[in-house]
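Let us work through a protein model together, feature by feature, as a learner and a teacher might do at the screen.

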Amino acid sequence: MASITIEEAIIVVSTIIATSILAAAIFSSLSRIEASYKSVVAATEEKMGTDIKIVFAMSTSSTTVKVWVKNVGTSRIAPSMIVSSDLFFGKVNNATRLSYSSDWSYSIVNDDGDGVWEPGETLEITITLSSTLSQGDYYVRFVLYNGKDAEYMFSV
């Protein structure tokens, strides 16, 4: 009779250990799912808070174009994210991607001194071309690091 009690105790202890291992595995998986969910939510919130609008573009010389882009979202955009953006420019249906620093530069015209592009502030982009602008319709598209974009067409 005593041997049955010891066998039962071993089975009970083994069951408790197996249940604990299973619970630990489930909680670990739930923790990873929660971290992934938080990451997706944060990225979605950031993208929803980011919005821009090109308010005006014009040629200022035969080889220079100015583009003014307003931050109409609620997110602050760091300088490193501005230079990570893509700028496309060219005649309509023939635009190409321009490289930051060699083809375009920027300044924040109504910056409060911190260098961060904040809601309500306007980015002034200067495009320097290697050839002169000819008459026609031009297209400019500015795409932020997270895919938010704005486009504008103007004539020279």
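The dialogue below moves from strands and sheets to the core, the salt bridges, the surface and the backbone.

Q: What kind of model is this?
A: This is a predicted model, and the values discussed here are computed from it.

Q: In what order do the strands of the open sheet that contains strand 1 run, and in which sense do they pair?
A: The order is 1-2-6-5, four strands in an open sheet with antiparallel pairing. Strand 1 and strand 5 (104-108) stand at the edges with a single partner strand each, so one side of each has no neighbour in the sheet. Neighbouring strands here are turned by 20° against each other on average, direction ignored.

Q: How many bridges hold strand 1 and strand 2 together?
A: Strand 1 (residues 52-61) and strand 2 (residues 64-71) are paired in the antiparallel sense over eight bridges, and a hairpin of two residues joins strand 1 to strand 2. For a single position to look at, take Ala 57, whose bridge partner in strand 2 is Val 67. Strand 2 also runs antiparallel to strand 6 (residues 122-128), to which seven bridges join it, and within that pairing Trp 68 stands opposite Glu 124 of strand 6.

Q: Which strands form the open sheet in the order 4-3-7-8, and which of its strands are at the edge?
A: Four strands in the order 4-3-7-8 make up this open sheet, again with antiparallel pairing. Its edge strands are strand 4 (94-98) and strand 8 (149-155), each of which pairs on one side only. Strand 3 (residues 86-91) pairs with strand 4 in the antiparallel sense over five bridges, and Phe 88 stands opposite Arg 97 in strand 4.

Q: Which residues touch the most other members of the largest nonpolar core?
A: The general idea is that in soluble globular proteins, nonpolar side chains tend to be buried together. In this model the largest nonpolar core has 25 residues, of which Val 67, Val 69, Phe 89, Trp 117, Ile 125, Ile 127 and Phe 142 touch the most other members. Strand 1, strand 2, strand 3, strand 5, strand 6, strand 7 (137-143) and strand 8 each supply at least two residues of this core.

Q: Which side chain meets Glu 124 in a salt bridge?
A: As a general matter, side chains of opposite charge can pair when their charged atoms come close. By the rule applied here, the count comes to five salt bridges. In one of them, the side chains of Glu 124 and Lys 66 meet at 3.3 Å, N to O. Glu 124 lies in strand 6 and Lys 66 in strand 2, so the pair ties together parts that are 58 residues apart in sequence. Glu 124 is buried, with a relative accessible area of 17%, and Lys 66 also counts as buried, at 19% relative accessibility.

Q: Where do the partners Glu 118 and Arg 76 lie?
A: The side chains of Glu 118 and Arg 76 meet in a salt bridge of 2.6 Å, N to O. Glu 118 is in the loop between strand 5 and strand 6, and Arg 76 in the loop between strand 2 and helix 2 (79-82), so the pair ties together parts that are 42 residues apart in sequence. Glu 118 counts as buried at 12% relative accessibility, whereas Arg 76 is exposed at 52%.

Q: Which residues form a nonpolar patch on the surface?
A: Leu 22, Ile 26, Phe 27, Leu 30 and Ile 33 form this patch, with about 530 Å² of accessible area together. Phe 27 belongs to helix 1 (residues 2-49) and is exposed, with a relative accessible area of 60%. Leu 22 also lies in helix 1, and is exposed at 52%.

Q: What is the phi of Asn 93?
A: Most residues other than glycine have a negative phi, and most peptide bonds are trans. Asn 93, however, has a positive phi, near 70°; its place is in the loop between strand 3 and strand 4, and it counts as exposed at 79% relative accessibility. Ser 101 likewise has a positive phi, near 80°, in the loop between strand 4 and strand 5.

How values were computed:
Residues numbered from 1 in each chain as written. Heavy atoms only, no water. Patch = residues over 30% accessible without salt bridge, like charges linked within 9 Å, V, L, I, M, F, W, Y side chains within 5 Å. Areas by Shrake-Rupley, 256 points an atom, 1.4 Å probe, with all protein chains shown as cover. Salt bridge = Lys/Arg side-chain N within 4 Å of Asp/Glu carboxyl O. Buried < 20%, exposed > 50% of the residue type's maximum accessible area, 1.4 Å probe, protein only. Pairing = 2+ DSSP bridges. Axes fitted to C-alpha atoms, helices over the stretch in contact; angles between N-to-C directions. Core = buried A, V, L, I, M, F, W, Y, C linked by side-chain atoms within 4.5 Å.
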